[in-house]
Amino acid sequence: MSSDAQSLSVVTPHNPAPLNADDTRVSLDRPGRRYLTQGVSIAALAVYAAYLIYRAAFTLNPDARVFSLLVYFAELHGFVSLFLYFHQLWHRRGRRVVPAPPGLKVDVFVTTYNEDVDLLRQTLRAAIAMRYPHRTYVLDDGRRDAVRDLASELGCQYVTRDNNLHAKAGNWNNAFKQTDADFIATFDADHVPRAEFLERTLGFFRDPKVAIVQVPQQYHNLDSVQHKVSWKNRRMYGEQDAFFGLVMPGKDNWNAAFFCGTGAVLRREALEPHGGILADTITEDLHTSVVLHAEGWKSVYLNEVLVTGLAPVDLKSFAVQRLRWAEGNLKAAAFANPLTIGKLSINQRISYFASLYHWTIGIPKFIYYMAPPWILFTGTFPIANFDRTFVLVYLAFLGTLLVSYRIVSRGKGRLLMDELFNMVSFFTLIRAVKRAVIGRGKPGRFEVTSKRGSGSRDFTAVLPHLTLLGFSALAISWSLMGLGFGVTDDVRGASMAIFWTLYNATLMAIVLKIGTRPAEKRAGSRYRSNFAVESLESGGLGVTADISEKGCSLLWPEPLTIGQRFPARVHFGPRTGDWTIEVTGDQRQQPDGWHRYGVRFLDLTPADVDLINDVVFSVVVPDFFATLVEPAWSIRLWRRLKLAVRSAVPSRAPRQVVRVPTRIRHAAGTIVATVRDLSATGLAVQSAIPLPIGCPVDVTMVAAGRAWRGYATVARCEARLSRESFNTWILGLQFTSEQPEGDVDAFRRWDAA
């Protein structure tokens, strides 16, 4: 859950009476900050417009007219993109959650075609476990006996059909016609909902005009191609973060947040005139949303992480997914054009147009990537007067854009990462535009995104980047030869073109590195997580570094041997797993002394596998999104400066994120857990049980080659509610006396786990 969402997640007193969902919108910015961002938006657009006028009046090159106009077109495209971005972020809104009234009739649809049954099992078990009475249906367009048997085992309803007409939309509508619930929550086969999903979303339907409640699409496989995680800095980047964290809350301000295909609840009454969701395109979600908004229905976007799925694990799968999204969204305009369809407000039209226009960015990006090497090869420039005046004007313009983007994005934008993924996607988006133009009026072919990847290295997704990189290298070589042999003496122009060519080439090289990384061989995902592991023979304590359905990476304070087996208890907070573990690999000793091993859990039963998956999605994944939220370095620096101005003495000793095992003895028993953070004055642990404030405890921490024992009292106890039997509590323990830095420093090493 984002910090913004957390601040708004206050449930109002229970009142099942109808309400106006517009009254649940809450500004995420203080008035002063909002006026600042709006003023900066206007100023930046004015500067961009002035730059374009200057470019048209003084710098278009008549000697390279086509080349010059192409670059100018790319800049015009950028102006429209910036306007649309600023429009969507004009007033960023959140939602005040209202309680779900009792007695609603709710169905849950989980759609599947060819996904692994084990993967589907995780989603179905989580869907069934959601709080609030509901019926769960698995919609199997693959007509598989294994899925039918799974539904029977888990106690959910199985629905199939004898054809695959209209792909996912047809599958969904087939179940829609056979059911009768007033509200339908829908999930893809890999999207695992949290227990509170229905409780947090259904209350908005007390407004009889709300047709859609959508939550963000987040992903739990953080080793995917669209994630970058700094575990040391506790910061995560996801390729869709800007859309779901900034753009969608902005769209919600204009009643233009749309259905994203999964992680949503829909009102049957709104869909019945259409026989379900619209099936004319391969992006039925956007198409349906445009039509429902045009009919006067409302949508709600709740910016809370209530469901997570699997992101593409390789660039081929990523390209397949983006091609479907881009082609489908662009073709949707042929069936429900937001600029011409009736009864949308002007702001809704602009918001939907922005969603379509975004997918055309591949064309101007290709122009920008090609322009510098073309300059180096031909010696022709798109700028007629490439002099000192132009350089100064351009630098002022560029600086204004960078600063305004930073301010309007509220410090959450990651411009370099966004540019990297523009490089990743440019060729795919060009293909989508071509398909949309040539196949206008045709729905396109729905291709399911692989959840496991290709299983082998596949270079097809990076062939355009490899070709462009080779062209750029030849261009630089050609230009340097021309300068060296005196063919040209334009050092300034060549230097600028080489600089931009090298910048683009760096992005291409990173894309090649991502696209050619070794294929994932494991069938399942590994999740970085730190649970205490207790030897049932020696009583020794270790900690997991990551965990999967079959085993874990184990950090142990003493050397183990390959093939060694011993009975162990893994402490999953509220639950434990007692298994024999076998050491299968030595993953080297860590710099801080821990020995790291690959470990396999022996003789696991299906119930054991379910337990591990329940732990992952009830404890581990929520913890990702609760802790990997540190802001950018500039914001962290600003916070430190403000703290220094307010007081020369910190309010408490600095805390360091750690992951070392601990035993906490209290009057009623012993808790074996993992330390979450540590300072000279105290520590925090995630406990299976609550302890009263002021409760005295005896604390033992274990690390490689050392142990520490001391006494503390409970100063804080915060509940973290999850699905049944997986609730935990964060205990803040204060040492009875401040500890010498040397005693706790060895446990504060960030890489301890």
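The exercises below work through two sheets, a helix pair and an aromatic pair in this predicted model.

**Exercise 1. Determine which strands form the closed barrel, and how strands 23 and 24 are joined within the structure.**

Solution. Begin with the strand order: the closed barrel has 6 strands, running 22-23-24-27-26-25, and their pairing is antiparallel. From one strand to the next, the twist averages 45°. Then turn to a single pairing, that of strand 23 (residues 669-678) with strand 24 (residues 682-687), where the two strands run antiparallel and are joined by 3 bridges. To find a position in this pairing, look at D677, which stands opposite A684 in strand 24.

**Exercise 2. Describe the open sheet of 7 strands, name its edge strands, and find the helix that packs on it.**

Solution. The order of the strands in this open sheet is 5-4-3-6-12-8-13, with mixed pairing. At the edges lie strand 5 (157-159) and strand 13 (298-301), each of which pairs on one side only. The twist from one strand to the next averages 25° in this sheet. For an example of the pairing, take strand 4 (residues 135-140), which is parallel to strand 5 and shares 3 bridges with it; here V138 has Y158 of strand 5 as its bridge partner. Finally, helix 8 (residues 241-253) packs on the sheet, where it touches strand 8 (210-214) and strand 13, and the direction of helix 8 makes about 150° with that of strand 13.

**Exercise 3. Work out how helix 2 is oriented relative to helix 14, and what kinds of residues make their contact.**

Solution. The axes of helix 2 (residues 31-59) and helix 14 (residues 388-408) come within 9 Å and cross at roughly 155°. Angles over 145 degrees count as roughly antiparallel, and therefore helix 2 is roughly antiparallel to helix 14. The crossing of the two helices is left-handed. Among the residues in contact are L36, V40, A44 and Y51 of helix 2, together with F390, V393, F397 and L401 of helix 14. Sorted by class, the contact comprises 14 nonpolar, 6 polar and 2 charged residues.

**Exercise 4. Explain why the pair of W231 and F624 is classed as edge-to-face, and locate both residues.**

Solution. The whole structure contains 33 aromatic pairs. For W231 and F624, the ring centres are 5.7 Å apart and the planes stand at 65°, so the pair is edge-to-face. W231 lies in the loop between strand 10 (227-230) and strand 11 (235-238), whereas F624 belongs to helix 18 (residues 606-627), and the pair thus links distant parts of the chain, 393 residues apart.

Terms used
Residues are numbered from 1 along each chain as its sequence is written. This is a predicted model: local features need pLDDT of at least 70, side-chain atom pairs count only at pLDDT 80 or more; totals for chains, interfaces and linings use all residues. Side-chain values use heavy atoms; hydrogens and water are left out. Two strands pair if DSSP finds at least two bridges between them. Helices (H or I, at least four residues) and strands (E, at least two) are DSSP runs, numbered from the N terminus. Axes are lines fitted to C-alpha atoms, for helices over the stretch in contact, and angles run from 0 to 180 degrees between N-to-C directions. Angles under 35 degrees count as roughly parallel, over 145 as roughly antiparallel, 65 to 115 as roughly perpendicular and the rest as oblique. A crossing is left-handed if the near helix is turned anticlockwise from the far one by less than a right angle, and right-handed if clockwise. Contact means heavy atoms within 4.5 Å. Ala, Val, Leu, Ile, Met, Phe, Trp, Tyr, Cys and Pro count as nonpolar, Asp, Glu, Lys and Arg as charged, and the others, Gly among them, as polar. Rings of Phe, Tyr and Trp (its six-membered ring) pair if their centres lie within 6.5 Å; planes under 30 degrees apart count as stacked, over 60 as edge-to-face and the rest as tilted.
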